[in-house]
Amino acid sequence: MTLCVFGKEPTAQMEEILREKFGAVVNKGITMPIGDSVSDAPPFAKWHQLLLQNPVQDVKDLTFSWVIPFQAPFWRTKPSEYISHLLGHEGKGSIIA
């Protein structure tokens, strides 16, 4: 468990304040899932339902979302940023134009 705090108080005073405020917090040993370990099932696999709704206002918006593999190993080449650039390009002949 980690806590990060910025302050202008001296370190000893800051530690005293933090122990007072966060001392009762119990460390349960839980870690955040990273990358592909979040889920082994495809997204929305358990939804199996029909959702109907009426729009509140006339908005023309199309959103695509998909799960991609964990990108940290590719930090040098940044393939997700390249794809984002291609899909988000608003020039002549583009998807968004």
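Which side chains meet in a salt bridge? In this predicted model, the partners are Glu15 and Arg19, whose side chains approach to 2.9 Å, N to O.

**View 1. The salt bridge between Glu15 and Arg19 in helix α1.** A search of the whole structure finds one salt bridge, and both of its residues, Glu15 and Arg19, lie in helix α1, four residues apart, which is about one turn of the helix. An α-helix has 3.6 residues a turn, so residues three or four places apart point the same way. Glu15 counts as partly exposed because its relative accessibility is 38%, whereas Arg19, at 59%, counts as exposed.

**View 2. Helix α1, residues 11–22.** At 1.5 Å a residue, the twelve residues of this helix should span 16 Å, and the end C-alpha atoms are indeed 16 Å apart, so the expected and modelled spans agree. One of the twelve residues of α1 is buried, and the helix therefore lies largely in the open.

**View 3. A nonpolar surface patch that includes Phe64.** Leu62, Phe64, Trp66, Ile68, Tyr82, Ile83, Leu86 and Leu87 form this patch, and together they have about 910 Å² of accessible area. Phe64 is found in the loop between α1 and α2, the latter covering residues 79–88, and with a relative accessible area of 63% Phe64 is exposed.

**View 4. The chain as the setting for the close-ups.** The chain holds two helices and zero strands, and buried residues make up 3% of its 97 residues. About 10,200 Å² of the chain is exposed, with carbon and sulfur atoms supplying 60% of that area.

Methods:
Residues numbered from 1 in each chain as written. Predicted model: local features only at pLDDT ≥ 70, side-chain atom pairs only at ≥ 80, totals over all residues. Heavy atoms only, no water. Expected span 1.5 Å × (residues − 1). Buried < 20%, exposed > 50% of the residue type's maximum accessible area, 1.4 Å probe, protein only. Patch = residues over 30% accessible without salt bridge, like charges linked within 9 Å, V, L, I, M, F, W, Y side chains within 5 Å. Areas by Shrake-Rupley, 256 points an atom, 1.4 Å probe, with all protein chains shown as cover. Salt bridge = Lys/Arg side-chain N within 4 Å of Asp/Glu carboxyl O.
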